[in-house]
Amino acid sequence: MSTYEHDFERAYTILSDPLFRYGLFKVSDRDVALDLVHESFAKAWEYLQSGKRIANLKAFLYKTLRNRIVDHYREKKHDSLDALSESGFDPEDASAPTHADRLDGEQILVLIGTLPPDTRDVIFFRYVNDLSFAEIASLTGESVNVLTVRAHRGMQKLKEMTHHYGTKT
């Protein structure tokens with residue numbers, strides 16, 4: 001087995017679950033998230049098979065998945081707000097916690113979802129998928145400094161929102 005095959009197999013073992021969680025967080029559909037993750041690994045494999053090198057496979061996979069998610073939403077852009085409402089999406093219900101005295105993980109993810117997209121991604125990558133700021137910088141093309149400030153401000157905003165619901169973080 002060649003080095004890149006071994007690295008790819010190891011990356012699949014280590015990263016398939018965190019990539020899936022990220023995909024699921026972004027698309028809220030298990031089957032679609034699985035498909036997008038598999039497409040991302042397939043694209044990385046094709047890239048490696050073509051003789052090209054990948055300096056940071058983890059960052060490459062996250063960036064590929066992120067691009068696939070964008071493509072997915074571009075394809076789904078024709079969905080109307082009415083169609084979303086018919087499928088059960090209600091933004092007012094999604095932001096309200098079910099227990100006034102404590103927030104569970106699902107409710108925290110809902111609150112994270114209310115943050116601006118760039119902040120939401122940094123919080124998710126850093127605190128849910130445990131990526132370093134250097135890895136996030138490689139993925140997004142932004143500086144580590146910008147990302148750390150964004151994460152700090154995002155966490156402050158989350159604390160404010162959880163205090164609003166009578167919860168301490």
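# A quick tour of an all-helix chain

Ring pairs link Tyr22, Phe25, Tyr62, Phe124 and Phe125 into a cluster. Keep in mind that you're looking at a predicted model. The chain has nine helices and zero strands, so-called α elements from start to finish. Let's start with the overall picture and then come back to those rings.

**The whole chain**

- There are 169 residues here, and 35% of them count as buried.
- Take the contacts with a separation of 6 or more: 64% of them come from residues 24 or more positions apart.
- About 10,700 Å² of the chain is exposed, and carbon and sulfur atoms supply 51% of that area.

**Helix H1, the one with a bend**

- H1 covers residues 3-27, which makes 25 residues.
- From first C-alpha to last, H1 reaches 33 Å, close to the 36 Å expected at 1.5 Å a residue.
- Where does H1 bend? Look at Leu15: the helix turns by about 50° there, and Pro18 follows within four residues.
- Leu15 and Pro18 are both among the buried residues of H1, and so are Phe8, Ala11, Leu19, Tyr22 and Phe25.
- Here's a handy bit of background for reading a list like that: an α-helix has 3.6 residues a turn, so residues three or four places apart point the same way.

**Helix H7**

- H7 runs over residues 117-128 and has 12 residues.
- Its ends, C-alpha to C-alpha, are 15 Å apart, close to the expected 16 Å.
- Buried residues in H7 include Arg120 and Asp121, along with Val122, Ile123, Phe124 and Phe125.

**Aromatic pairs**

- How many aromatic pairs are there? The count comes to nine.
- One of them joins Tyr12 and Phe41, an edge-to-face pair with 4.8 Å centre to centre and 65° between the planes.
- Tyr12 belongs to helix H1 and Phe41 to helix H2, so this pair ties together parts that are 29 residues apart in sequence.
- The partners sit in unlike surroundings: Tyr12 is partly exposed at 36% relative accessible area, whereas Phe41 is buried at 4%.
- Tyr22 and Phe124 make a tilted pair, because their planes are at 45°, with ring centres 5.4 Å apart.
- That pair links distant parts of the chain, since Tyr22 is in helix H1 and Phe124 in helix H7, 102 residues apart.
- Both Tyr22 and Phe124 are buried, and both belong to the ring cluster from the opening sentence.

**A buried arginine**

- Arg68 sits in helix H3, which spans residues 57-75.
- Why does Arg68 count as buried? Its relative accessible area is 19%, and the cut-off for buried is under 20%.
- Its side chain makes a polar contact with the side chain of Asp71, at 3.1 Å.
- Leaving out residues up to four places away in sequence, Arg68 touches Leu36, Glu39 and Ser40.

**Two loop residues with positive phi**

- Ser28 comes after H1, in the loop between H1 and helix H2 (30-49).
- Phi of Ser28 is near 55°, a positive value in a residue other than glycine.
- Is Ser28 buried or exposed? It counts as exposed, at 65% relative accessibility.
- Asp130 comes just after H7, in the loop between H7 and helix H8 (133-140).
- Asp130 isn't a glycine either, yet its phi is positive, at about 60°.
- Asp130 is exposed too, with a relative accessible area of 58%.

Key. Residues numbered from 1 in each chain as written. Predicted model: local features only at pLDDT ≥ 70, side-chain atom pairs only at ≥ 80, totals over all residues. Heavy atoms only, no water. Expected span 1.5 Å × (residues − 1). Bend = angle between axes of the 7 residues up to and from the residue. Buried < 20%, exposed > 50% of the residue type's maximum accessible area, 1.4 Å probe, protein only. Contact = heavy atoms within 4.5 Å. Areas by Shrake-Rupley, 256 points an atom, 1.4 Å probe, with all protein chains shown as cover. Polar contact = N/O pair within 3.5 Å; in protein donor to acceptor, adjacent residues only side chain to side chain. Phe/Tyr/Trp six-rings, centres within 6.5 Å; stacked < 30°, edge-to-face > 60°.
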